[in-house]
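Good morning, everyone, and thank you for making room for this. I would like to walk you through one sheet, strand by strand, with the sequence and the structure up on the screen.

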Amino acid sequence: MTTYVGQPVARKEDARLISGQGTYVANYQAPGLLHLVVVRSPFAHARIRSIDTAAATAAPGVVAVLTGADLDGAYSGLPCFWPVSDDIKMPPHLPLATDKARHVGDGVAIVVAESAAAAKDAAELVEVDYEPLPAVTDVVEAHSDTAPLVPTSRGTSATRGRSSPGEPDRVFAGRRSSSRRRTASSA
């Protein structure tokens, strides 16, 4: 059995990439290809008071600018592909935030344009008025009774029950002893 983990792997593509002969996805231009940039929240928790997309919509090369309000009702939420229990409480996970940003980087608008540069430039023209709300960035503090809930409608836990971490100390001890045997036998 060949083991790749922890071993150097010969790279075949380096010569063409280093010499400028490589093909990158960013260089590929299919006919009619459009580019999308997501406008993201800089706040961990904030109410979205308003989003002004007029300047971005009027920018050269822009095909569309959409906000969560534009998509409202079009989606019931992105699916959860890994429900951890039968009783899990899943808030709707919409493609774009509609009322609040719930984490740094939460998408609040998208800009679709004819080029990546036009999409990026127009995204910078989207004006979002945020009202920052209390946020918790510490796991211990998040378990406090006074920590703000995000989302507020689901209570304080997503599911009930406990998971067992197994026996990591035994597993790692077994791996350490087998790697020592390999090292000793190869010396």
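Before I name any pair of residues, let me say how pairing is meant here: two strands count as paired if DSSP finds at least two bridges between them. Please also keep in mind that what you are looking at is a predicted model.

With that in place, the sheet itself is an open one, built from three strands in the order S1-S5-S3, and the pairing is antiparallel. Strand S1, residues 35-40, and strand S3, residues 62-67, stand at the edges with a single partner strand each, so one side of each is left without a neighbour in the sheet. From one strand to the next, the twist averages 20°.

Let me turn to the individual pairings, beginning with S1 and S5, which run antiparallel to each other and are joined over six bridges; within S5, Ala-109 is the bridge partner of Val-39. S3 and S5, the latter spanning residues 107-113, are likewise paired in the antiparallel sense, over five bridges. If you follow S3 on the screen, you will find Val-62 opposite Ala-113 of S5, while Ala-64 has Val-112 in S5 as its bridge partner.

How many of the residues of S5 are buried? The count is seven of the seven, where buried means under 20% relative accessible area, and S5 is therefore largely enclosed by the rest of the structure.

Finally, helix H4, residues 116-123, lies across S1, S3 and S5, and runs at about 20° to S1.

Technical notes:
Residues are numbered from 1 along each chain as its sequence is written. This is a predicted model: local features need pLDDT of at least 70, side-chain atom pairs count only at pLDDT 80 or more; totals for chains, interfaces and linings use all residues. Side-chain values use heavy atoms; hydrogens and water are left out. Helices (H or I, at least four residues) and strands (E, at least two) are DSSP runs, numbered from the N terminus. Axes are lines fitted to C-alpha atoms, for helices over the stretch in contact, and angles run from 0 to 180 degrees between N-to-C directions. Contact means heavy atoms within 4.5 Å. Buried means under 20% relative accessible area, exposed over 50%, partly exposed in between (1.4 Å probe, protein chains only).
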